[in-house]
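Here is a short report on one protein chain. Please keep the sequence and the 3D view open while reading.

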Amino acid sequence: MQIEFTAPLWQWQVRTDSWWFVTVPPDHSDELADLPLPPRGFGSIRVRVTVGKTTWTTSVFPSDKDGGYVLPMKKKVRQAEDLVPEKPVSVTLETIDV
């Protein structure tokens, strides 16, 4: 499955180190939740992500706060793509191992 969306970059405030995320919109989160996947740690789903010219493999994680999935944004990606907090990020996300 491949989905495309745009969402703002935000920082997780629970920890003192910098964890940055983009929230997968509710309709796409519902699609991901309906996938028949083998159980993985924390309910994560392996994905291949493209933002701008940068592509990497990671996982999306369910978020109790947002009721959907969140995508971690590595520092290397944020720097390479000049991502700014609260500004929209265009994401292409493709599930792996489905």
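In what sense do strand β2 and β5 pair, and over how many bridges? The two strands pair in the antiparallel sense, over 3 bridges. The model is predicted, and every value below is computed from it.

## Overall layout

The protein has 2 helices and 6 strands. Along the sequence, these follow the order β-β-α-β-β-β-α-β.

The C-alpha atoms fill a box of roughly 35 × 30 × 20 Å along the principal axes. A compact globule of 98 residues would have a radius of gyration near 13 Å, and the protein agrees because its own value is 13 Å. Contacts across the sequence matter for the picture too. Of the contacts with a separation of 6 or more, 56% join residues 24 or more positions apart.

## Surface and charge

Buried residues account for 40% of the 98 residues. The accessible surface comes to about 6,100 Å². Carbon and sulfur atoms hold 51% of that surface.

The protein carries 11 positive and 13 negative charges. The mean positions of the two sets are 11 Å apart.

## Strand pairing

Start with β5, residues 68-72. This strand is mostly covered, with 5 of its 5 residues buried. Strand β2 (residues 20-23) pairs with β5 in the antiparallel sense. Here T23 stands opposite V70. Strand β4 (residues 54-63) also runs antiparallel to β5, joined by 3 bridges. In this pairing S63 stands opposite G68.

Next comes β1, residues 2-11. Strand β1 pairs with β2 in the antiparallel sense over 3 bridges. One residue pair to look for is Q11 with its bridge partner W20 in β2. Strand β1 is also joined to strand β6 (residues 88-95) by 7 bridges, again antiparallel. There, Q2 has E94 as its bridge partner.

Follow the pairings in order. β6 pairs with β1, β1 with β2, β2 with β5, and β5 with β4.

## Y69 in strand β5

Is Y69 buried or exposed? Y69 lies in strand β5. Its relative accessibility is 10%, so Y69 counts as buried, the cut-off being under 20%.

Leaving out residues up to four places away in sequence, Y69 touches residues that include T23, V24, S29, L32 and A33. T23 belongs to the range of β2, residues 20-23. Other contacts of Y69 include G43, I45, V60, F61, P62 and S63.

## S44 in a loop

S44 sits in the loop between α1 (26-33) and β3 (45-51). With 7% relative accessibility, S44 counts as buried.

Which residues does S44 touch, not counting those up to four places away in sequence? They are S59, V60, F61 and P62. V60, F61 and P62 are also among the contacts of Y69. From C-alpha to C-alpha, Y69 and S44 are 8.6 Å apart in space. In sequence they are 25 residues apart.

## T58 in strand β4

T58 has its place in strand β4. T58 is buried, at a relative accessible area of 15%.

Not counting residues up to four places away in sequence, T58 touches I45, R46, V47, V49, L71 and P72. L71 and P72 fall within β5, residues 68-72. I45 is also a contact of Y69.

Methods
Residues numbered from 1 in each chain as written. Predicted model: local features only at pLDDT ≥ 70, side-chain atom pairs only at ≥ 80, totals over all residues. Heavy atoms only, no water. Helix = DSSP H or I, 4+ residues; strand = E, 2+ residues; numbered from the N terminus. Rg over C-alpha atoms; globule rule 2.2 N^0.38 Å. Buried < 20%, exposed > 50% of the residue type's maximum accessible area, 1.4 Å probe, protein only. Contact = heavy atoms within 4.5 Å. Areas by Shrake-Rupley, 256 points an atom, 1.4 Å probe, with all protein chains shown as cover. Lys, Arg positive; Asp, Glu negative; His and termini not counted. Charge placed at Lys NZ, Arg CZ, Asp CG, Glu CD. Pairing = 2+ DSSP bridges.
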